[in-house]
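Let's walk through a few places in this structure together, going from single residues to a sheet. Please have the viewer open as you read.

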Amino acid sequence: MNFKTNLITTLILIIFATAHAAAENYPYRSDYLWVTTPDHDNWTYRCGEKAQVEIQLYRYGIPCSTDITWTLADDLLTPDKKGTLKTVNGRAKLNIGTRKTPGFRDLTLNAVIDGQKTSHHIKLAFSPEKIQPYTREPEDFTAFWQQQLETLKKTKLQYTRERATEYCTDRILCDLIKLRIDDRHYIYAYLTYPRNAQPGSCPAVICPPGAGIKTIKEPLRHRYYAENGFLRLEMEIHGLDPRLSPDTFADIQRAFAAKGNNYLENGLDNRDNYYMRHVYLSLVRALEFMASLPEWDGRNMAMQGGSQGGALALVAAALSPQVTHAISNHPALSDMAAYAQPGRTGGYPHFNRINGMMTPEKIRTMAYYDVVNFARHITCPVFMTWGFNDNTCPPTTSYAVFNTISAPKTPLVTPVNEHWTSDATELHLMHWLKQNLLAP
């Protein structure tokens, strides 16, 4: 077995070991393997600098000599170039040109072999450190949110706490929390913490959820926080008991709409009635709850989440000086109105795809809830991670957020990632937090 065969076999084993059903580039148990290698190893170029990509395609690990159709587009926008090429012994090279302005180019590849279609894509960055958001901060942005926080104070901290024995282990305890936000809204959360935790001994971490109407993910998926001495709150935002059956959650999703995230459209005509207003305030209430726990160390209060949860982590860091660390994976709700300018890429939930959502009134409301405007007010250290190949929360908007933050910030850019983070990266987030905890 020669070196080249060894390399391909190793690549296949690595990808099969780490792939999962949601990874678009590497479907689970696929017969096909694409390997795309830019001529810059960090996938990043300067504006005006030309990029070249080597393309490899294998079926069953055997190089494919076949025709490939390709398109090029700016991040999440309509393709503006297309063509065909032929692989020889499974390999080909393509010059994809450049960009004159900061942003991304997305190369999409398609091949049909024995009637089966296989696809792949790769995004390359051009001067991404210069990407700036389209969204501008309203003059009364700070005053508006100060008023909302004052309104929150009218409702005192109230909650119920019930032992969730099904999630307790020999090292940690878990409680189900029902937390009142105001006179209309509640949220549920699972609190995990070390057994025999002493008063004043535990830093705290709050994890808001990704988008959707669904139960709280397995509360023990990040059990290592509690095992490492943290209080951790895994929360939801809709006031739905996580013990409801999957069928009930599916019924509730259908009541909103098939995709289950249409609450993000609810009330967008008016900043005072938008659904996410009480969601953002629930973050502050969750902070208040965690600070009330006798086991909290009184110093360290972190927010951590991905996608919508990554957005909410940054929002909380801006709304409350109590947040000492913010960790955000590919934040959603970022530069949402950017699609209003032709040729610009906006953020999830991509209101440009929904009829009637990009009106002047709704765009005005978006500005009061857009993460880039909160990012300007963050003062605590921030850790952010994102991938280039993400088509849900595109890298353009992650850079728009990261470049806006003036607080101390640490990036982890993982070009190959789509809308996911690896288990190793998730664990790394906790280690970053441990290494940056505030000393007594």
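T165 sits in the loop between strand 10 and strand 11 (172–180); helices (H or I, at least four residues) and strands (E, at least two) are DSSP runs, numbered from the N terminus. With a relative accessibility of 59%, T165 counts as exposed. Here buried means under 20% relative accessible area, exposed over 50%, and partly exposed in between (1.4 Å probe, protein chains only). From T165 to N196 the C-alpha to C-alpha separation is 16 Å, with the two positions 31 residues apart in sequence numbering.

A word on the basis of all this: the model is predicted, so local features need pLDDT of at least 70 and side-chain atom pairs count only at pLDDT 80 or more, while totals for chains, interfaces and linings use all residues. Residues are numbered from 1 along each chain as its sequence is written, and side-chain values use heavy atoms, with hydrogens and water left out.

Strand 10 (residues 159–163) is also where you will find R161. Its neighbours, beyond those up to four places away in sequence, are D175, L176, I177, L191, Y193 and L293, where contact means heavy atoms within 4.5 Å. The C-alpha atoms of R161 and C174 lie 10.0 Å apart, and 13 residues separate them along the chain.

T421 belongs to the loop between strand 18 (409–413) and helix 10 (423–435). Setting aside neighbours within four places in sequence, T421 is in contact with N329, H330, T385 and E426.

R161 and T421 each have a side-chain to side-chain polar contact, listed below with accessibility. A polar contact is a pair of N or O atoms within 3.5 Å; within protein, one must be able to donate a hydrogen and the other to accept it, and residues adjacent in sequence count only if both atoms are side-chain atoms.

| Residue | Relative accessibility | Polar contact, side chain to side chain |
|---|---|---|
| R161 | 34%, partly exposed | D175, 2.6 Å |
| T421 | 18%, buried | E426, 2.4 Å |

Now for the sheet. Five strands form an open sheet in the order 2-9-8-5-6, with mixed pairing. Strand 2 (44–45) and strand 6 (81–86) are at the edges with a single partner strand each, so one side of each has no neighbour in the sheet. Two strands pair if DSSP finds at least two bridges between them. Strand 2 pairs with strand 9 (residues 116–126) in the parallel sense over two bridges, and the bridge partner of Y45 in strand 9 is F126.
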